[in-house]
Structures are given as C-alpha cells and as structure tokens.
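Subject: A structure to look through

Dear colleague,

I am passing on a structure that I would like you to look through at your own pace. Please open it first, and then read my notes beside it.

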Amino acid sequence: MNIRVPYDIMTNDTITNMIKHLDITIKGKVQGVSYRMATKAVADQLGIRGYVKNAENGDVLIAAEATNTLLDMFLDWCKEGPEKADVTSVESHEGELKNYRNFEVVKKNFLW
C-alpha cells in the first residue's frame with residue numbers, strides 16, 4: 001500500500017494545487033474488508049485530511065481535503081481499494097472546505 005508521491009507535487013504552490021474538499025461515496029463490497037483502515041493508511045501517506053466511515057446502506061463515505069493532484073491519486077486508489085474489496089463505483093462531489101487537521105476513521109455513526 002505504499003504510494004509514491006513525487007517531491008514536486010508536495011512542494012508546488014501553483015493555483016491548480018489549492019486545497020479543495022471532496023465528498024466521496026464508495027459502493028460495492030466495501031464493508032468488512034478493511035476498506036476504512038486501508039483508506040486511512042493511504043490518506044496518511046498522501047497527506048490527505050478528513051475522515052472515512054461506513055454508511056448504513058453498505059457504502060463507505062469519505063470526506064477528503066488536499067490538492068487536486070493528491071485527490072486524483074487518492075480517487076484512483078479508492079477505485080481499487082484493499083485486496084478483498086470489490087468496488088463497483090466511486091462518486092465524488094466538491095464541497096465546502098472544512099480544514100480538517102488529520103485523517104480519521106469514524107468507527108460508529110451515532111446519527112443512525
């Protein structure tokens with residue numbers, strides 16, 4: 001699960017690499033296959049901030065904040081997921097920046 005981030009991506013300050021927020025929905029066999037823990041490991045390697053949690057309907061929900069380039073790399077990984085996952089679709093929508101401090105796995109959703 002090592003993702004290599006080119007040095008220039010991490011240091012580029014151009015306008016195209018401004019931080020943005022994505023709300024991502026992962027569908028398929030994505031619960032019970034360590035998808036959330038693998039997502040956190042990849043997000044930490046890429047320097048992505050936000051969270052990942054299971055949805056009641058069997059999807060995995062991710063809020064992610066990073067540069068366009070890093071988010072593109074993250075989305076590419078999300079389409080594959082960990083070895084035991086069977087991802088059928090990945091939907092992402094840009095949202096309002098929340099300025100998360102780190103990336104967390106939400107273990108329980110008490111709003112259900």
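The notes below go through the strands, two helices, the core and a few single residues. Please keep in mind throughout that this is a predicted model.

Let me begin with strand β1, which covers residues 19-29 and pairs with strand β3, residues 60-67, in the antiparallel sense over eight bridges. Within that pairing, Lys-20 has Ala-66 of β3 as its bridge partner. Strand β1 also pairs with strand β4, residues 86-95, again in the antiparallel sense and over nine bridges, and here the bridge partner of Lys-29 is Asp-86 in β4.

One residue of β1 that deserves a careful look is His-21. Is His-21 buried or exposed? Its relative accessibility is 1%, and because buried means under 20%, His-21 counts as buried. The side chain of His-21 makes a polar contact with the side chain of Asp-23, at 2.9 Å. Leaving aside its neighbours within four places in sequence, His-21 is in contact with several residues, including Ala-63, Ala-64, Glu-65, His-93, Glu-94 and Tyr-100.

Next comes helix α2, residues 35-46, whose twelve residues reach 16 Å from the first C-alpha to the last, close to the 16 Å expected at 1.5 Å a residue. Its buried residues are Tyr-35, Arg-36, Ala-38, Thr-39, Val-42, Ala-43 and Leu-46. Why do these lie on the same side of α2? They cover an arc of only 160° around the axis, and therefore they are found on the same side of the helix. As background, an α-helix has 3.6 residues a turn, so residues three or four places apart point the same way. Among the elements that cover the buried residues of α2 are β1, β3, α3 and β4.

Helix α3, residues 68-80, can be read in the same manner. At 1.5 Å a residue its 13 residues should span 18 Å, and the end C-alpha atoms are 19 Å apart, which agrees. The buried residues of α3 are Leu-70, Leu-71, Phe-74, Leu-75, Trp-77 and Cys-78, and because they fall within an arc of 160° when seen down the axis, they line one face of the helix.

These elements come together in the largest nonpolar core, which has 26 residues, and in which those with the most contacts are Ile-24, Ile-26, Tyr-35, Ile-48, Ile-62 and Phe-74. Two or more residues each are given to this core by β1, α2, β3, α3 and β5, and the largest share, six residues, comes from α3. Tyr-35 is a good place to begin exploring: leaving aside its neighbours within four places in sequence, it is in contact with, among others, Ile-26, Val-60, Trp-77, Cys-78 and Val-87.

Finally, a few backbone angles are worth checking. α2 is followed by Gly-47, whose phi is positive, near 80°, and α3 is followed by Gly-81, with a positive phi near 70°. Ser-34, although it is not a glycine, has a positive phi of about 65°, and it lies in the loop between β1 and α2. Asn-99, in the loop between β4 and β5, is a residue other than glycine with a positive phi, near 60°, and at 57% relative accessibility Asn-99 counts as exposed.

With best wishes

Technical notes. Residues numbered from 1 in each chain as written. Heavy atoms only, no water. Pairing = 2+ DSSP bridges. Helix = DSSP H or I, 4+ residues; strand = E, 2+ residues; numbered from the N terminus. Expected span 1.5 Å × (residues − 1). Buried < 20%, exposed > 50% of the residue type's maximum accessible area, 1.4 Å probe, protein only. Arc of directions from axis to C-beta. Contact = heavy atoms within 4.5 Å. Core = buried A, V, L, I, M, F, W, Y, C linked by side-chain atoms within 4.5 Å. Polar contact = N/O pair within 3.5 Å; in protein donor to acceptor, adjacent residues only side chain to side chain.
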